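Please read these points with the model open beside you. They are ordered so that a newcomer can follow them one place at a time.

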Amino acid sequence: MTGIEPPFLAACRRKPVPFTPIWIMRQAGRYLPEYRKVREKVDFLTLTKTPELAAEVTIQPIRRFGLDAAILFSDIMTPVEGMGVDLGFDPGPVIGNPIRTLEDVERLRVPDPRETVPFVFEAIGILREELPDSAPLIGFAGAPWTLFCYLVEGGASKTFIGAKSFLFAEPDAARILLNKLADLMSAYLRAQAEAGAQALMVFDSWAGLLSPYEFRSFALPAVRRTLAGLRGLELPLIYFPNQGSTLLEDATLASADVLGIDWRLPLSRARAVVGPEVAVQGNLDPAALFAPREALGTQIRSVLREAGPGPGHIFNLGHGIERATDPDAVAFLVDCVHEWTEGETGALDPEKP
Ligand code: CP3
């Protein structure tokens, strides 16, 4: 790359940065009036399948807040429709034909994503033309275990007891399904990189439902298989094992450059577990954005202090932003992180309030 490396990409590589970069999980979405305006005219699936509209809502939070990375507007379930899955949203994913048997697993195709979801790669092309250089584009996919949860359960759940039962009752069929998902996600992420994505993130939203043993024997091998298929690509890989405090040591074996840390674990403790070779991303509690400004400032400072002075911290929330969040609180957050960390390394400046 010519010129100065954008701070987000430098931080992923644990290089010094002029300030701590920040972006926000689910930064495009219903808390933004400009997003709701687009959604008045089209349903969610149509929005994800129309490249010009998907690109527009991806850029909305960049324009409004000056964030340091953009994330493609799509959904983790988008590429599984082409496997033969009957997919809807209400508002979370709803599967018309959930997986219940080995035969169901065997019936699923592993298609070429360039044929089944060409609109994703078109949106990436538009975005690389329109985004400022300061906001690199993150492509993403669901981790095999998290996709497995929705495909087997059939929809949202607190416990995913249907999906977990299948894992224990039919471990061989479960592994076949996880491998199919890993192969498809690997091809999907590679195609996003080839279309212009500058970093790739794997969301394992339901990792925390597993004991370390089940994580190690089912979820982790599938993530490793997904990322192994991306070897040779010169771009940072981010893995987010949500609610993964008890799994973090194993999660480092995914060999990602960056680990996303949810809000339950202070970043200093996460750093002690993952070691100096891995960057961390996180982890302000999304609920902190509902606090008055002064208390919010204290929470932001606490995340920066916990991250410590070393390089390799990307500021984010500890999970997706809530729908009822005031966009002005987000603007305040972004300005605080930028102002308070301006300096040589991106660490918190003790001289500033
Ligand atoms: O801005 C961004 O972060 C990019 C877009 C994005 C969406 N979903 C858009 C979306 C991303 C990265 C996702 C990932 C995703 N989708 C995850 C992993 C991240 C996480 O939160 O753990 C998961 C588990 C899903 C599955 C999913 N899709 C759920 C649970 C929901 C309902 C969410 C809600 O707010 O009620 C969806 C639908 C969805 N995906 C919406 C958006 C903006 C809401 C759709 C709408 O009604 O406009």
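1. Strands here are DSSP runs of type E with at least two residues, numbered from the N terminus. By that rule G88 belongs to strand β2. The model is a predicted one. A partner of G88 from elsewhere in the chain is L45: the two residues are 43 apart in sequence, and their C-alpha atoms are separated by 7.7 Å. With neighbours within four places in sequence set aside, the contacts of G88 are L45, P93 and V94.

2. After β2, which covers 87-89, comes a loop that leads to β3 at 93-95, and P91 is found in this loop. The peptide bond that joins D90 and P91 is cis, with omega at about -25°.

3. A cis peptide bond also joins G282 and N283, where omega is about -10°. N283 has its place in strand β8, which consists of residues 279-284. A reader checking the backbone should look at this bond as well as at the one between D90 and P91.

4. Which residue in the loop between α8 and α9 should be looked at next? The residue is F160, and the α8 that precedes this loop covers 144-153. Phi of F160 is near 50°, which is a positive value in a residue other than glycine.

5. Helix α9 takes in residues 161-169, and helix α10 takes in residues 171-195. How do the two helices pack? Their axes are 5 Å apart and meet at an angle of about 115°. Angles from 65 to 115 degrees count as roughly perpendicular, and α9 and α10 are therefore roughly perpendicular to each other.

6. The contact between these helices can be listed by residue. On the α9 side are F166, L167, F168 and A169, and on the α10 side they meet P171, A173 and A174. Sorted by class, this contact has seven nonpolar residues, with no polar and no charged ones.

7. The last place to inspect is the ligand. There are 22 residues around the ligand, and those that come nearest are R30, Y35, D75, S205 and H319. A polar side-chain atom of D75 is 2.7 Å from a nitrogen atom of the ligand. For H319, a polar side-chain atom lies 2.7 Å from an oxygen atom of the ligand. The backbone takes part too: a polar backbone atom of A28 is 3.0 Å from a ligand oxygen atom. How much of the ligand does the protein bury? Taken alone, the ligand exposes 880 Å², and the protein buries 88% of that.

Methods: Residues numbered from 1 in each chain as written. Predicted model: local features only at pLDDT ≥ 70, side-chain atom pairs only at ≥ 80, totals over all residues. Heavy atoms only, no water. Axes fitted to C-alpha atoms, helices over the stretch in contact; angles between N-to-C directions. Helix = DSSP H or I, 4+ residues; strand = E, 2+ residues; numbered from the N terminus. Parallel < 35°, antiparallel > 145°, perpendicular 65-115°, else oblique. Contact = heavy atoms within 4.5 Å. Nonpolar A, V, L, I, M, F, W, Y, C, P; charged D, E, K, R; others polar. Near = heavy atom within 4 Å. Polar contact = N/O pair within 3.5 Å; in protein donor to acceptor, adjacent residues only side chain to side chain. Areas by Shrake-Rupley, 256 points an atom, 1.4 Å probe, with all protein chains shown as cover.
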